[in-house]
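Reader: I am new to this structure and would like to look closely at one part of it before I try to take in the rest. Please go slowly, and show me how that part sits among its surroundings.

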Amino acid sequence: MSACKKIMMIFPHPDDESFACGGTLALCRERGQETCLICVTSGCRGRSGTYDISCREKLARHREQELGRAAEVLGISRLELFRYPDGSLATVDRQELSEKILHVILDWKPGVIITFPPDGVTGHPDHIATCHATTLAVEQAERTLAAEEYPDLYYVSIPHYYDHCSDKGPQPAVPITGKVDISGFRLQKGEALRAHLSQVYSVNRAYPGVIDGDFGVIGCYEYYTLVRSKGQPVNPKRGKEAIPLIEF
Ligand SMILES: [Zn+2]
């Protein structure tokens, strides 16, 4: 009964959830699946778009508000803010971060957990650190949970992230093994991206036009790799056939 599974996502920055999984989150809401998002930092670095916010603390609170609006658009049931400093996660003790994630996993008991892959999609150190801490947390959760409660762990990829950029991302660390059809939820994904208005520069890089309400660049699929299931690592393989459709 996959339709009953609770879906938990762990990402380091406000906006990662909309970039990577906005359509999937909206689809889950439509199907009555509960969703939980852990946002590890509040994104206090980087430019603040058209807003004149020089204080990092103020920018973090502002981005939390934007994330709250995106969470409303996407119907996220539970939002957890860890409020680590943006850009710091590579220096945070992995065990400490994984224990915080573990605590939420054991409390909420998701059937599916989604985070970035070890390449971080963009190579961002916060993305990579979040991947490692989440993977460790899932392994640790299995020591406490009953076998039927073990969550499936997926990494999300954004293969079209650099389509509109002159630069390229790192080599993907894992092959994509499934895609979710979000064609009915492109509008919600676009509106969630638009909620992150202070991140206009990064939204415009991957999704030009979206901030202005043109959602033409938003594709019909979001892409995943199952890497752990039933308490065991899965060795993701990709044949020559088209990426299969999956549902959570
Ligand atoms: Zn990010």
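In β5, which residue is the bridge partner of Ile-114? Please start from that pairing and work outwards to the elements around it.

Author: The model is a predicted one, and what follows should be read with that in mind. The bridge partner of Ile-114 in β5 is Tyr-154, and this link belongs to a pairing of β4 with β5 that runs in the parallel sense over 4 bridges. Both Ile-114 and Tyr-154 also appear, together with Met-9, Leu-74, Ile-101 and Val-156, among the residues that touch the most other members of the largest nonpolar core, a set of 61 residues. As a general matter, nonpolar side chains in soluble globular proteins tend to be buried together.

The strand that holds Tyr-154 is well covered, since 6 of the 6 residues of β5 are buried. In a regular strand the side chains alternate between the two faces of the sheet. In β5 neither face is left open: Asp-152, Tyr-154 and Val-156 are buried on one side, and Leu-153, Tyr-155 and Ser-157 are buried on the other.

From β4 the chain passes into a loop that leads to α4, and Phe-116 lies in that loop. Phe-116 counts as buried because 28 other C-beta atoms lie within 10 Å, where 20 or more are needed. Leaving out residues up to four places away in sequence, Phe-116 touches Tyr-155 and Val-156, and its other contacts are Phe-11, Val-121, His-127, Thr-130 and Cys-131. Phe-116 and Thr-134 are 18 residues apart along the chain, and their C-alpha atoms are separated by 9.1 Å.

Val-121, one of the residues that Phe-116 touches, is found in the loop between β4 and α4 as well. Val-121 is buried, with 25 other C-beta atoms within 10 Å, and its phi is near 65 degrees, a positive value in a residue other than glycine.

The loop leads on to helix α4, which covers residues 125–141 and reaches 24 Å from its first C-alpha to its last, close to the 24 Å expected at 1.5 Å a residue. Of its 17 residues 12 are buried, so α4 is largely enclosed by the rest of the structure. His-127, Thr-130, Cys-131 and Thr-134 are among the buried residues of α4, as are Ile-128, Ala-133 and Val-138. The buried residues of α4 pack against β4 and β5, and also against β1, β2, α3 and β7, which places the helix beside both strands of the pair you asked about.

Further afield, Leu-74 is another of the core residues named above for touching the most other members. Setting aside neighbours up to four places away, Leu-74 touches Gly-22, Leu-25, Ala-26, Arg-29, Gln-188 and Ala-192. Gly-22 is also where α1 bends by about 75 degrees, although this helix, residues 16–30, still reaches 21 Å from its first C-alpha to its last, close to the 21 Å expected. α1 is mostly covered, with 13 of its 15 residues buried, and just after the helix Gly-32 takes a positive phi of about 80 degrees.

Strand β3, residues 78–84, offers two residues with a different setting. Leu-81 has its place there and is partly exposed, with 16 other C-beta atoms within 10 Å. Apart from its neighbours within four places in sequence, Leu-81 is in contact with Cys-39, Ser-42 and Glu-64, while its C-alpha atom and that of Pro-208, 127 residues away along the chain, are separated by 28 Å. Arg-83 also has its place in β3, counts as partly exposed with 14 C-beta neighbours inside 10 Å, and has a positive phi near 60 degrees.

To set these parts in the whole, the chain has 6 helices and 8 strands, which run from the N terminus as β-α-β-α-β-α-β-α-β-β-α-α-β-β. The radius of gyration of the chain is 17 Å, close to the 18 Å that the globule rule gives for 248 residues, so the chain is as compact as a globular protein of that length. Along its principal axes the C-alpha trace spans about 50 × 40 × 35 Å, and 44% of the residues in the chain are buried. Among contacts with a separation of 6 or more, 79% are between residues 24 or more positions apart.

Conventions: Residues are numbered from 1 along each chain as its sequence is written. This is a predicted model: local features need pLDDT of at least 70, side-chain atom pairs count only at pLDDT 80 or more; totals for chains, interfaces and linings use all residues. A nonpolar core is a set of buried Ala, Val, Leu, Ile, Met, Phe, Trp, Tyr and Cys residues joined through C-beta atoms within 7 Å. A residue is buried if 20 or more other C-beta atoms lie within 10 Å of its own, exposed if 12 or fewer, and partly exposed in between; C-beta atoms are placed from the backbone. Two residues are in contact if their C-beta atoms, placed from the backbone, lie within 7 Å. The expected span of a helix is 1.5 Å times one less than its number of residues. The bend at a residue is the angle between axes fitted to the seven residues ending there and the seven starting there. The radius of gyration is taken over C-alpha atoms; the globule rule is 2.2 Å times the number of residues to the power 0.38. Two strands pair if DSSP finds at least two bridges between them.
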